[in-house]
Structures are given as C-alpha cells and as structure tokens.
Amino acid sequence: MNTRIEQLIAYMDQREIDAVLITMPKHVYYLTGFASDPHERFLGLLIPRGAEPLLIVPALDLEAAQAASTVKAIHTHTDTDNPYEILSKLLPSGIRTLGLEKDYMTVSRFEAISRAVGAAVYADIDEPLREMRVIKTPDEVIRMKHAVRIIEDVLQAGIAQVKPGVTEIELVAELEYQMKKLGASGPSFATMVLAGEKSAMPHGVPGSRAVREGELLLFDLGVYADGYASDITRTFAIGDISEEQAKIYQTVLQANLLAIEATRPGATLASLDHAAREHITGAGYGAYFMHRLGHGLGMDVHEYPSVHGQNQELLRSGMVFTIEPGIYVPGVGGVRIEDDVLVTDSGVEVLTSFPKGLTVIG
C-alpha cells in the first residue's frame with residue numbers, strides 16, 4: 001500500500017472513520033497513480049478501515065486503471081449499471097461513519113451515496129488531503145519544474161509573434177498551439193493576453209483588441225504537464241511607454257522581489273503579502289493592488305494555501321505557491337509579475353526563471 005493511503009488510514013484511525021470514499025479524479029490520481037476524466041460517470045476509491053482499498057471505474061477505463069493504479073482491486077460498471085448498487089455491495093457491513101470530500105461532492109451525488117451506504121455520519125475528509133497536498137514531494141517538484149520549463153518556452157515563442165496590429169486572441173491562439181507542441185497536456189487556465197488599457201483588468205478577457213505602440217502588454221498563462229500545473233505572468237512594453245507606466249512596472253517588480261526575499265520556513269503567509277503591499281502602498285498605488293499576493297499551486301492551478309494579508313499560517317518546507325503582485329490603473333495600464341516559488345529548508349527556490357526586467361518589444 002502506498003504511503004499516501006497509509007497516511008489517510010492513520011487519519012481514519014484517529015477520527016474513527018469506518019471508510020473513506022474518494023470521488024475527485026485528481027485525488028484518485030494522487031492516491032493511486034491512475035489519472036482519468038470520467039465525465040459524468042462514477043469514479044470512486046473506497047478505503048475501508050482494516051481492509052484493502054479498492055477502485056470503482058467505468059468499464060471503458062479498466063485497462064488504463066490496471067496499468068497505472070497502485071490499488072489492484074478494481075471493479076467496473078457499464079453505462080447501464082447503477083454504480084451505487086455496486087458500491088453498496090462492496091462496502092463492509094456496519095459502516096457508521098463515511099469520509100467524503102465535501103468541498104467536491106454535489107448534493108445529487110451525496111444523496112445517491114447516502115442511499116447506498118446508509119451511514120449515520122458523513123465526515124469531511126478534505127483536511128487530511130489538503131495537508132498532504134500542501135507539502136510537495138521531490139517527485140512532485142520535478143513535475144512542476146517540467147511544467148514551468150514548458151510554459152517559459154511557450155512564452156518565449158509567443159512574444160516573438162508580438163508586433164503592432166496583432167490581436168490579443170491571435171496571440172492566445174499561438175500560445176496554446178505552442179503548449180501542445182512543446183508537450184503540455186493543455187493550459188492550466190484560460191490563457192490571458194491583455195493589451196493597453198485592458199492590462200488594467202486583473203481578470204480581463206482577450207479579444208480583438210490589437211497591440212499598439214506606447215502601451216503595456218500583459219501575459220498570464222500556464223500549463224498542465226505530468227499532472228501538475230505552472231502559472232506565470234509577465235508584462236512587456238510595446239515601444240516607448242510613459243514615465244508613469246515605467247514607474248508602475250518598477251514598483252511591481254520591487255514588490256515581487258521583496259515578497260520572494262521574505263519567503264522562508266517559519267514566516268507567515270501574511271508577512272509575504274505585507275512585504276509586497278507595503279511597498280506598493282508606499283509608492284502611492286495601494287488602491288490599485290486589489291487582490292491577494294498569490295495562491296497555492298500543484299495538481300490544481302489554484303489550491304491551498306491562499307497567500308493573503310490575514311493568513312497567519314506558517315510557511316513549511318515543500319510548500320509551492322505563486323507570488324504575483326500587481327498594479328492596475330484604469331486608463332494607464334496594468335502590470336503583474338508572477339513567479340512560482342518553493343519553500344526550502346533554507347529559504348526559497350524560485351521555480352520560474354523568465355527575465356523580469358522591463359523588456360521592450362518592437
């Protein structure tokens with residue numbers, strides 16, 4: 001049995017949880033090595049206390065599950081079977097407490113499971129899974145570095161296509177083509193390219209806006225590769241930009257560097273946000289930095305922990321998250337500079353290496 005399942009069983013023993021049912025595909029992958037997208041079909045990893053875990057998969061995924069899963073007891077269901085009846089037959093008798101991923105579970109699925117299981121208590125199993133996922137193993141770090149290398153190569157290829165007149169959406173198409181060409185399974189979120197005044201929209205949507213001289217151009221993009229995500233933001237100048245735009249850029253860059261410098265085991269997540277935010281506020285742009293400093297990164301592009309000014313959780317070696325301060329001034333433009341960082345025993349390793357000095361294109 002793999003160590004991750006053993007950790008989960010230890011948690012079950014402590015909390016007297018009779019069985020756990022994992023239905024989130026990424027958690028099934030995390031615990032068994034079997035990755036799939038079952039769509040609307042039922043996928044479940046059943047872990048009873050005192051018995052071997054077993055996997056319930058759609059019949060069309062059986063061969064892939066047999067090849068990849070560390071859990072070798074695999075049961076299938078066809079599209080005309082009721083998977084909850086199969087679940088009911090596989091459960092040990094006398095299940096009083098069943099653990100579920102409550103953040104992921106839909107009401108309709110919970111009702112179906114509840115009818116099949118009939119437990120008295122449904123415990124939330126998200127906490128131990130979150131605690132496991134927040135500390136990355138050396139293998140996970142290798143995978144994330146691979147995803148970072150791909151996205152940086154994608155970005156390099158993409159900016160080579162930048163010239164006045166090219167549209168945001170044309171650049172998005174080139175970037176997402178390069179993602180597949182360079183080995184990613186796909187983007188880790190909707191690729192963002194925002195030109196001129198649209199760069200001042202933190203969650204702007206790329207469209208037909210054309211790139212023009214004398215403005216800022218913001219790229220925010222990432223990929224999934226080997227099951228793990230990368231996420232990077234860089235902002236460029238198109239030709240000569242104004243003094244204020246250059247000042248905004250340098251302010252964000254310094255905030256980024258200060259937050260990275262503050263990253264070390266034992267520091268609070270809040271202290272990183274404060275380091276960046278105090279610098280931006282001191283430069284007169286505090287009102288224009290309206291989001292948290294960053295977010296956890298791993299199998300999901302946004303995961304635990306949240307890096308904001310109220311989070312007093314201590315940094316631990318193995319955590320991976322983004323540091324992405326930004327300033328967004330309507331009518332002037334916006335700058336965000338985002339890096340992916342790993343907390344190490346001695347401090348921090350910045351996984352992203354794409355240059356951050358103000359780069360002029362054209």
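Q: What makes Asp-226 partly exposed in this predicted model?
A: Asp-226 has a relative accessible area of 45%. Buried requires under 20% and exposed requires over 50%, with partly exposed in between; Asp-226 is therefore partly exposed. This residue lies in the loop between strand S10 (223-225) and strand S11 (228-229).

Q: Why is His-39 called exposed?
A: The relative accessibility of His-39 is 57%. The cut-off for exposed is over 50%, so His-39 counts as exposed. His-39 is placed in the loop between helix H2 (25-32) and strand S2 (44-48).

Q: What is notable about the phi of His-39 and that of Asp-226?
A: His-39 is not a glycine, and its phi is positive, at about 55 degrees. Asp-226, also a residue other than glycine, has a positive phi near 55 degrees. Most residues other than glycine have a negative phi.

Q: Why is Phe-219 called buried?
A: Phe-219 has a relative accessibility of 0%. Buried means under 20%, so Phe-219 counts as buried. Phe-236, at 3% relative accessibility, therefore counts as buried by that cut-off.

Q: What makes Phe-219 and Phe-236 an aromatic pair, and which arrangement do they have?
A: Five aromatic pairs are present in the structure. In the one formed by Phe-219 and Phe-236, the ring centres are 5.6 Å apart and the planes meet at 85 degrees. Rings pair if their centres lie within 6.5 Å, and planes over 60 degrees apart count as edge-to-face; the pair is therefore edge-to-face. Phe-219 belongs to strand S9 (residues 215-221) and Phe-236 to strand S12 (residues 232-238), 17 residues apart.

Q: How do you know that Phe-236 and Phe-354 form a pair?
A: Their centres are 6.4 Å apart, and the limit is within 6.5 Å, so they form an aromatic pair. The planes stand at 85 degrees, and this pair is edge-to-face. Phe-236 lies in strand S12 and Phe-354 in the loop between strand S19 (348-350) and strand S20 (360-361), so the pair ties together parts that are 118 residues apart in sequence. Phe-236 and Phe-354 are both buried, and Phe-219, Phe-236 and Phe-354 form one aromatic cluster.

Q: Where does the charged end of Arg-4 sit?
A: The charged end of Arg-4 sits over the ring of Tyr-30, 3.8 Å from the ring centre. Arg-277 lies over the face of Phe-289, at 3.9 Å from the ring centre. The distance limit for such a contact is within 6 Å.

Methods:
Residues are numbered from 1 along each chain as its sequence is written. This is a predicted model: local features need pLDDT of at least 70, side-chain atom pairs count only at pLDDT 80 or more; totals for chains, interfaces and linings use all residues. Side-chain values use heavy atoms; hydrogens and water are left out. Helices (H or I, at least four residues) and strands (E, at least two) are DSSP runs, numbered from the N terminus. Buried means under 20% relative accessible area, exposed over 50%, partly exposed in between (1.4 Å probe, protein chains only). Rings of Phe, Tyr and Trp (its six-membered ring) pair if their centres lie within 6.5 Å; planes under 30 degrees apart count as stacked, over 60 as edge-to-face and the rest as tilted. A charge sits over a ring if NZ of Lys or CZ of Arg is within 6 Å of the ring centre and within 35 degrees of the ring normal.
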